[in-house]
Amino acid sequence: MPETGATYYDRQEVRNRDEREAAIFHALPGLIRHALDTAPHFADLFGGIDPDAVTNRAALARLPLTRKSDLIELQARHRPFGRLNATPVTRLARIFASPGPIYDPEGARTDYWRFARAMYAAGFRSGDIVHNTFSYHLTPAGSMAEGGARALGLPVIPAGTGQTELQLRAIADLKPTAYVGTPSFLSILLEKGRELGLDTSSLRKALVSGEAFPPALRQKLEGEFGIVAFQCYATADLGLVAYESSAREGLILDEAVIVEIVRPGTGDPVPDGEVGEVVVTVFNPDYPLIRFATGDLSAILPGISPCGRTNARIRGWLGRADQTTKVRGMFVHPRQVHEAVRRCGIDGRARLVVTQTAGRDEMRLLCEAAGSPEGLAVRLAESLRAATGLRGEAELVPPGSLPNDGKVIDDQR
């Protein structure tokens, strides 16, 4: 836990960049050796590689990638984690199931997902009470935030998702000062609280993630409700990757990761400033993901943050390198769209259109079908929810009306 009144979470955040780079690449061979010895996937993938030779970014860039998009298939062959885990299943603290399904391990260490650093940068301090609206059901987001708050010594209201009125009554009664969750749900809570006359004024700070955080929504939260909100970038596989500080200039990389930006479809790093796919190596002894290709797009920002933290920064989430997208904090894969359509016996083209209205993500499944079979649109919407875990609308369109471009998910946000 940081010292009382400290500006930074720890000294690591303000290390000389050369010192940080030297420390990371001094530790990397040990991580690779640990993965080779304990995680069979990496023993197969890195066969013949000398860990002691991987001591700089050029050598790291020569290692093969493990793609998030391949996890479903890898885990289907070898349950539950595709042989990527170094800690045996029976010694883990939790096992999560994300959409796909993709199974994610949580080890027994304090703040396993390293969220305390992002919370501290967002102004979370002793005396705060945290209202955590990330899901506690199967997916790890609730546990990520809970672990960070507990590492800072902060009590948590484990609100989870839904039950808006009950959550508002808890906020009015318990007066939490800090919010964690998606920005759209925070907006929904505040608007509903105003409508019902329930007091949400205790909330003064927020750490949001799981979806886009447009400037208009940030300004609304601060201007109308007095809430200063910061964002972070995390995944269910890696935990925290990067976080925002008071400088509000990009997202600063976590101290326990190495981030490369590579040309999509390859493992080749691109020059700083160029948009490419985010590839992460995380120093996690339980789940040592090395050169893990997230499918997300971003770019490295030049220089260091005006807040004084010296680690590299990324521009934030700039889209997907593949067609997988994130809706209301949940990944949606093209395979799930195909599954929803197949269940309804449809052979025509289909496209999932993702938009955003008033800060809330919306899904609309367009499906080619001759005529308008009675009840088919309703069945498609139900099938979409069963396949993705998210509500959406369905619409039948004439055969041949969707473009012949291979696109399954059209993210228009």
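**Exercise 1.** Determine how strands E18 and E19 are joined, and place them in their sheet.

*Solution.* Step 1: in this predicted model, strand E18 (residues 350-357) and strand E19 (residues 360-368) run antiparallel and are joined by 8 bridges; strands here are DSSP runs of E, at least two residues, and helices are runs of H or I, at least four, numbered from the N terminus. Two strands pair if DSSP finds at least two bridges between them. Within this pair, valine 354 stands opposite methionine 363 in E19.

Step 2: the open sheet has 4 strands in the order E20-E19-E18-E21, with mixed pairing. Strand E20 (393-397) and strand E21 (409-411) each have a single partner strand, so one side of each lacks a neighbour in the sheet.

Residues are numbered from 1 along each chain as its sequence is written. Local features need pLDDT of at least 70, side-chain atom pairs count only at pLDDT 80 or more, totals for chains, interfaces and linings use all residues, and side-chain values use heavy atoms, without hydrogens and water.

**Exercise 2.** Classify arginine 218 as buried or exposed, and list its contacts.

*Solution.* Step 1: arginine 218 is placed in helix H9 (residues 215-225).

Step 2: its relative accessibility is 15%, so arginine 218 counts as buried (under 20% relative accessible area; exposed is over 50%, partly exposed in between; 1.4 Å probe, protein chains only).

Step 3: apart from neighbours within four places in sequence, arginine 218 is in contact with Phe213, Ala229, Gln231, Glu244 and Arg248, contact being heavy atoms within 4.5 Å.
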